[in-house]
Amino acid sequence: MSARHVMILASAGSGKTYALTNRFVALLARGARPERIVALTFTRKAAGEFFDEILRKLARAAREPEFAAQLAADIEQPRLGPADFLRMLRGVVEAMHRLPLGTLDGFFARIARAFPLELGLTGEFEILQEHASRLERRRVLQRMFARAPDGLDTAQREFIEAFKRATFGAEEKRLAARLDAFLDEHQEKFLAAPAAELWGEASRIWPRGNAWLAPRRRKLADAVADLQAALARRALPPKQQARWDLFFAALPEWSPGAPLPRALEYILENALAVWSDVGRGCAEMTVERKRIALTPDECADLATIVREIVAAEFTRRLETTRGIHAVLRGYETVYHDAVRRGGKLTFGDVQRLLQPDVSGESLTRAAADEGEGRLFIDFRLDAQFDHWLLDEFQDTSFGQWSVLRNLIDEAVQNPAGERSFFCVGDVKQAIFTWREGDPRLFREIFEHYNRMAPGAIAEKHLVQSWRSGPAIIEMVNAIFGRGDALAQLFPGAASEAWNREWRAHESARAQLASHAAWLHAADEPERFALTVRLLHEIAPLERGLECAVLTQTNATATALADYLRREGGIPAIAESDLRVGTDNPLGAALLALAQAAAHPGDTLAQEHWQMTQLRAVLAAEGVATPEALTQRLLAQVHADGFERAMEFWLRRIEPTLAPADAFSRERARQFVAAAALFDATGSRDVAEFVAFMERHTVRDAETAGVVRVMTIHKSKGLGFDVVVLPDLEGQRLDQRRGGLAIQRTPERAVEWVLDLPPKLFHAQDETLSEHVRAAEAEACYEALSLLYVGLTRAKRAMYAISKPAGTSESRNYPKLLTATLGAHEQEIRIGQLACAGGWSAGDPAWMTRVKPPAPAAKSPEETAPIASAEQWRVPRRAARRPSSGKAGVIDAAQAFALEGGSAADFGTEVHALFAAVEWGGAETVGRFAREWSARGDAAAQALACLRAAELAEVWAGGAGREVWRERGFEIVLDGAWVTGVFDRVVIERDAAGRARRAAVFDFKTDRVATEEEIAAAVERHAAQLNSYRRVAAVLAGVAVAAVTCELIFTRGPHRRTVPPG
Amino acid sequence: MEFSPANLRRHFIPWDAPLLPQAAAWLAGDWDGARPLDLQATWVVVPTRQSGRRLREALAEFAAARGQAVFPPRVLTADALLATGSAAPDVATRLESLLAWAEVLREIDLAAVPEVFPVAPPRRDLAWAWRLAENFFRLQTQLTEGGLGFGEVVAHAGAAFPETERWHQLAQLEAAVVEKLAARGRRESHAARRAWAREPVLPPEIRRVVLLASPDPLPLALAALARWAERVPVEVVVFAPESEADHFDAWGRPLDAAWAQRVLALPEFERRVQLCADPTAEAERAARVVQGYGAAPDGLVALGVADADALPLLESSLTRTGVASYNPEGRPWRTDALHTLLVALAALRREPTFDAVAALARCPDFLAALVARGGATASAARWLQALDELRAEHLPADLRAAREHASAEAPRELPLGLELIAELRAVLEREAFPAGAATALGILFRGRQFDLSRPDDARAAEAAEAWRGAMRECLAAGERFGGLRAHEWWDIALRSFGESRRTEDKPAGALELQGWLELLWEDAPHLVVTGVNDGFVPDAVIGDAFLPEALRERLGLKTNAARFARDAYVFQAIAACRARHGRLDVLFAKNSALGEPLRPSRLLLRCADAELPARVAFLFRPVEAAPTNRAWTRAWKLAPRRAPPPARVAVTGLRTWLACPFRFYLAQVLRMEPVDADKSELDARDFGTLCHAALEAMAREPALRDCTEEKTLREFLLARFEAAARARFGAELTLPLVVQLESARQRLAKAAAVQARERAAGWTIERAEWKFALPIGGLEVRGKIDRLDRHEPSGRRRVLDYKTSDTAIPPHKAHVRPFRPGDERLPEWMQVTHDGRRHVWADLQLPLYLRALDAENLAAGPSVDAGYFNLPKAVGETAVAVWSELTPELRAAADACADGAAAAIRAGEFWPPAELAPERDAFAALFQHGAADSVAWEVAR
Ligand code: SF4
């Protein structure tokens, strides 16, 4: 803790989290405010655990004096005691909502949200999750494909041209599929380097020119004719001649960019083998194991031909690369317009927005300048960042670093020394370079800051493993400590980098019984079978041990988990991403049902759902024909969305499932949850839904009491008592990752992009060869990291299973294990099991020394109902509104009509007018006639009612008469809570002021004319009026019999008494 | 506002019992029950609409206890108070304000406001302006809560305010908006609110105003109440014991400082506070509690949902346990069928693409209109099927193309439906918005009725009403704000409709799902609150583009500290009022639904310092991993329908059977075939068919029999291809078709070259497109030979089949595949030994062609070869590939295999299926964990 800025290289299991949390506590102890400590990591899970760990550590130190003393010593603040840690704990807890502690992505999004207009965004944005971004891609492609009424537009025509160039030599049958693959492959690369001049530009790749592309003096046809003739004159042996004939026959058929036919490749290889001699004009070329001494003329002809071929290939690759760029740009233009401008960004988009642009201008940089143009990050984010803690630093990408750099520069260069930088990581666990993780950063940053101020940053190595027992560490050292063997196997940058960073490991758990071995098995079936035997022998679950089987791919994980369950009877779960929509019969049938409803001609879907329980379930609901299905399901989906529609059917299917079938029920829940996610996109399109569900994946929750099968990548950061690695075969480790070649400057700026030609061609060019060598070294380094991660997951036992390398030359994992652990086969014992293997260390009977697991602590009981609740029950009544009158039939088309107004509006207006009338009489009528003169139909009708002789009594005032107009009431009636409004009630009081009678008048603007219609309307409204009668009786304080109820039909007008009922 | 006018009085309702009954009694005052409880002269301001409803119910209940009823007070929220108070005919609606904002943003010189727009936006279209307008409108609303306009921010922000210039410029923008509205005779609504609050009008009949249990009222409303307090009594009712008086201000708001540090009491904390894995687990646990209360839980238990996003989860969980729930927030109309229909109509109006047609075609209301038009026998399913077939066959770009291609044989629903769509399109195009929309809907709903007693019709009628409101609002605004295009009005109206919500009455007995702020008013003895995580309770704003916390503080707007104080108070109150007669259960999640880690609410950590370490250990413990019992289990096996075996098959059918007899059954007997719902380009079969058509025409053209000129052949092929493509797709092609047809042309051009070469080498086409039917056993095998060539110099013959697969296939490889483990179970006749190795027949096409030739005695003379004319995507590889490995022995074996397969098909042998990789299995959707295991073949249905 002495140095202000620290970089920690923490080997696997060496207490990375421990170091991080201690750092956090140390900063607190020195008075740092928790909201000023930025702590960033990669996964949300890691961030959550980090926070919990800090709190737990402080809480324990606040309670346990010994622990407090230990912690105080660890952070070199020996005077601190429990009370101090309690204070820190309180401080952290109170600032919880303000802590900048989380993921890099989240941190970047937070900055971007505070500066939308500065970043060219339109206000707020939402983060596009993976599932939604797939949907967006589909829509963007549809939009691109749509045809304008007057034909394809310029952009579309350009796109077609670009596509042709990008796929030259391959007359693709299907566009959409190809494009989809294109985007999967290249989109990220495009976004990293959108500038056209970086793509397939010879002058950038070969600034000093490329000899192959130099103009040629002779015509190819001439050279071919001459060479053909010259060779013919030689009377070559038939086999040799045949080679040449094939060559000349294939030459005109070949188009560059297409795979090289063997006939061409053969001659080309042999010519290039003696290329410098060919250039000098005297070459001995081998064909069919015999040499041909070529004359100077023949050499010249051959040289022309070879140059022509190579040049054509290079030219085509350049052209294709530019085409790929143009295709991606075409897509991106539409995507940007439709998606990003609509406020939907991926985390990658956010990061790119914040990255310094080409001119080096950066949002985060501006924060450093105090003067003009300064951006007030601290102001808008309500935060000042004094201390930086970065986790898993080897996985940080250069782009991420470039966003943070300026902020961290400020901290490192802070003259007052109140700010600090701390990062921790393990360059030996750099297995995410394919996701732009950049392990070189570690060293570069270290050197950068120390150059500026020597000793500014201290470096620490943690090599003691608190996770793995001695045997495992012995195996790790035996493999990775063999610098000589690594250098021999992988000469060059990969082994150099590895050996430079390597430190011998130690186990901090010397007493732990542990075992590690490399076991032999010839092929996959044997490796799987051996895994089962091992697990049966170890019986990890019975002993309460955590056990993981690690693979290289998800597919193997799934297959292996299946195998373990089926053949071994071992409860194993593949922790791959589960396709919950389609990996089970229930989900698949529901998708078929939806598809069949929207696309009744899909006989595959129709037959499919009818092969299942759905047939009976739907029949019971009256759905037995395609027609019924289409109408029913589409109506459900459009009315309520997929979640509710699917939930509806799943509820009916549920009883048909086997009672013990917890799995299908779980899937049903997951299916509905996924449907809800889809509904959130707003789409009601069944095809989109089906496509979404087919892709949708769920990560299985961590489960106890099973053997976990997962990829090594997923196991990063985890530890298990027992680890089996049965999937170490495969290709050579120094294999360049496929796809476009991207050359970057040491500053990681993209220099050029090229669709790399095959090896035969690129090997002829130093620039390309160098690129490939570097890419291979990078791949090789990552492959070493992957094995390191796999091996170091184990606590007590580690078993790697592979074939012995034998004589194979492929530089793969078996070869690596052979080169480091040795080639002698020996018998290795694991418990009672004996098997063949190449190496072992530790205690073969380790499992017998495992203490049986303590019974699990009882979890707090679930909340139960209150036993005596009934006595405190509060009333909850049905709510009724008699006047809301949800009854009757309206014309649907009329309900959408703009003009004429709705019946409801008209009624409201008439009611409002009546509410103004206290009593009638000629004078009143005259006044209202004037006031309402310009108020249209409603007023005319109201006025007519005021004047109508038939209604005189409604408006008649007089002594002892009281009127309620538009008066609201609340009442409990027949156990229901009734809310309503009287239109007009007239109460007659006697001289003493006691109410004697009441008349309820209810105005109706219904269109009624004939007597039958009026009678029907009275019938319809009778119930409402009779409840009004009872309410009025209560409110006016008279008997129900003393209340009369009348309906006033304002059209007419007509007045009808409602008989009591 | 920290002053106390004489008429402002605080009252305390103790929290040892629920608020509602006490509040009702307090409002009733000394009412004796002799007459109705008449509160007409009182205004009651409540925190939420829902609490207002509850209050009215409580008043009815209170009066009912004495056999009486209530003339209720006017109950409204602070927001409604300001809205109704300041309402006037000349106040601009939200829509008008947004239109004004949008206009200003599109017109203004952005260079004049560089602090607001430091970088120029890429394009200043309406979508851009609208999104910003909404942001600025929201900002206005936030500031107006505190009684401020943009122009007043700088003055209130105080010294050393870093964004002075920016706010000056924002004020310029707001001023421009106000001016723009004024020019149209409208008053800006926020300004109107602020103005009203300065001089609030109180109806004369109102004799007192009550601010009831509102811990967080809008400050602007308080300004109005303060003015009223000069005239009438304004009574502030606080739900807390009198002894807590020091913890509240004059308006009954919890004081930040008093609540920030206080200890919140929840008895039996470690039993009442429960950690769940995620919101789903919370929802399930809450649902189980409710279930424990039997048939009528409402009134015994109540649910609070602090995390609004988790509400649907709780709804689902309750539904699953059979408990009806009610979401007082309602659902936005965006989720309604009408919205989807309108979106489809808008898309159709904008561009009648075929996708727009297909989307509208599936709207239930469209289907209803179609069926209504077509009469009793009209079928929605037939219409959709015909539409899909039309798409598959002709890939029409738009409505016009679709109508042109609709064939006479298609079911009558197809022309009927397309005509209806065309009619709608014409109306939408002809008439402006909203008239066109209204007319189109009139057409669709013509003759239909909404029976309001049916829930779905009632809902449809409500939706219609809401949409009509949106249309009218646009119509009215359009009179003042011109210059927008029809699609822009559509967008605006759809947004406004989509965002408005449908609120229903609470069904009797349904359990209400209430937000955190409603809980103060809840009176059920048992209260279960889910989502008590930090960020939900209390919520906090960290960082903001305009109003970060520091500025909020300076401006007197709601701060995080105030939120904490409010929520701490609510927590204490809802716990306290259940301490004697009930219980509060608090659930919180370790992770969000998306897997983000969550933290417990800070409220839960408000304990005495001495308890804090234990509390932290308790709350931050890891959640126990669920023991699992979820091994993959098969819910059911498929029971396919049984149909008799076919009497005839195509040659390709044999290949299907050889690959997998069960899939043969599905494809050829049950005729299961998928529909590619959004087919936008040729599939492999279409592509082949089109190329074939041209190649066949060439073979049949006598004039070209002996042609060796590549150019002539090419031109012929391309012309024929063009004609075929045009006949099928018309002249107007979509982008993918352009690309694909071009690709086909390239392949054909190369084929012309190869054909010319072959002819020059002596091969003439003897016969083309030759159909045959071979009886094999009891099975008739049908096929069509693409061409039979004769080599003039030698007299040899060969049959050729055109192949347009992506890579050139050697015939041998296509017909026999290597023997694999597991193939032992295959019948002898499917296996063949060739070159000393065991193989299995995969296809019999070419041998069957030869057999057909034999049948016609055409194979006399020198032996006949067989092969492919490959047209792969690498056109350099276009060539005739003759099956050189085809020996007489091999042919005999192929014949034996054909006999065996034919007999098996006739005998109905369709089992067992092959196990194929899903990506190569057209029926993959049917099978999980093995095809054979997925099907109950023996159980006939
Ligand atoms: S070979 Fe020449 S002349 Fe004969 S058909 Fe072809 S183009 Fe005409």
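**Close-up views of a predicted two-chain model**

**View 1. The largest cavity has a volume of about 80 Å³.** The model shown here and in the other views is predicted. By the rule applied, the count comes to 10 cavities of 30 Å³ or more. Residues of both chains line the largest cavity. Chain A supplies Arg876(A), Arg877(A), Ala878(A), Ala879(A) and Trp977(A). Chain B supplies Arg53(B), Glu57(B), Asp298(B), Lys506(B), Pro507(B), Ala508(B) and Gly509(B). By class, the lining of the largest cavity holds six charged, five nonpolar and one polar residues.

**View 2. The second largest pocket has a volume of about 720 Å³.** Its lining comprises 32 residues. Nearest the centre of this pocket lie Glu35(A), Glu94(A), His97(A) and Arg98(A) from chain A, with Glu549(B) from chain B. Helices of both chains contribute to the lining. In chain A, α4 (82-94) and α17 (377-380) each supply at least two residues. In chain B, α10 (256-260), α23 (549-555) and α24 (560-576) each do so as well. The lining of the second largest pocket divides into 14 charged, 14 nonpolar and four polar residues.

**View 3. The ligand is surrounded by residues of chain B.** The shell consists of Ala703(B), Cys707(B), Thr708(B), Glu709(B) and Thr712(B). Two of these residues are nonpolar, two are polar and one is charged.

**View 4. Leu717(B) sits in helix α29 (residues 710-729) of chain B.** Leu717(B) has 0% relative accessibility and counts as buried, because the cut-off for buried is under 20% relative accessible area. Its contacts, leaving out residues up to four places away in sequence, are Ala694(B), Leu695(B), Met698(B), Leu748(B) and Ala752(B). Ala751(B) is 34 residues from Leu717(B) in sequence. Their C-alpha atoms are 9.0 Å apart in space.

**View 5. Ser317(B) belongs to helix α13 (residues 311-320) of chain B.** Why does Ser317(B) count as buried? Its relative accessible area is 3%, and buried means under 20%. With residues up to four places away in sequence left out, Ser317(B) touches Ala283(B), Glu284(B) and Ala287(B).

**View 6. Helix α32 (residues 845-855) of chain B is mostly covered.** Nine of its 11 residues are buried. The buried residues of α32(B) are Gln845(B), Leu846(B), Pro847(B), Leu848(B), Tyr849(B), Leu850(B), Arg851(B), Ala852(B) and Leu853(B). Asn857(B) follows α32(B). Phi of Asn857(B) is positive, near 60 degrees.

**View 7. A cis peptide bond links Gly1052(A) to Pro1053(A).** Omega of this bond is near -15 degrees. Pro1053(A) is in the loop between β31 (1043-1049) and β32 (1054-1057) of chain A.

**View 8. In chain B, the peptide bond joining Phe433(B) and Pro434(B) is cis.** Omega is about 0 degrees. Pro434(B) is in the loop between α19 (413-430) and α20 (435-445) of chain B.

**View 9. Glu392(A) has a positive phi, near 50 degrees.** This is a residue other than glycine. Glu392(A) occupies the loop between β8 (387-390) and α18 (398-413) of chain A. Is Glu392(A) buried or exposed? Glu392(A) is buried, with a relative accessible area of 16%.

**View 10. Glu268(B) also has a positive phi, near 50 degrees.** Glu268(B) is in the loop between α10 and α11 (269-272) of chain B. Helix α10 (256-260) of chain B also supplies at least two residues of the lining of the second largest pocket. The relative accessible area of Glu268(B) is 45%. Glu268(B) is therefore partly exposed.

**View 11. Chain A contains 40 helices and 32 strands.** This frame sets the chain A details in context. The radius of gyration of chain A is 41 Å, whereas a compact globule of 1061 residues would have one near 31 Å. Along the principal axes, the C-alpha atoms of chain A fill a box of roughly 135 × 85 × 70 Å. Of the 1061 residues in chain A, 56% are buried. Among contacts in chain A with a separation of 6 or more, 74% are between residues 24 or more positions apart.

Terms used: Residues numbered from 1 in each chain as written. Chains lettered and ligands numbered in written order. Predicted model: local features only at pLDDT ≥ 70, side-chain atom pairs only at ≥ 80, totals over all residues. Heavy atoms only, no water. 1 Å grid on protein atoms, 1.4 Å probe; cavity = no way out; pocket = protein on both sides within 12 Å on 5 of 7 lines; lining within 4 Å. Points joined across faces, edges and corners; volume = space filled by probe spheres on them. Helix = DSSP H or I, 4+ residues; strand = E, 2+ residues; numbered from the N terminus. Nonpolar A, V, L, I, M, F, W, Y, C, P; charged D, E, K, R; others polar. Near = heavy atom within 4 Å. Rg over C-alpha atoms; globule rule 2.2 N^0.38 Å. Buried < 20%, exposed > 50% of the residue type's maximum accessible area, 1.4 Å probe, protein only. Contact = heavy atoms within 4.5 Å.
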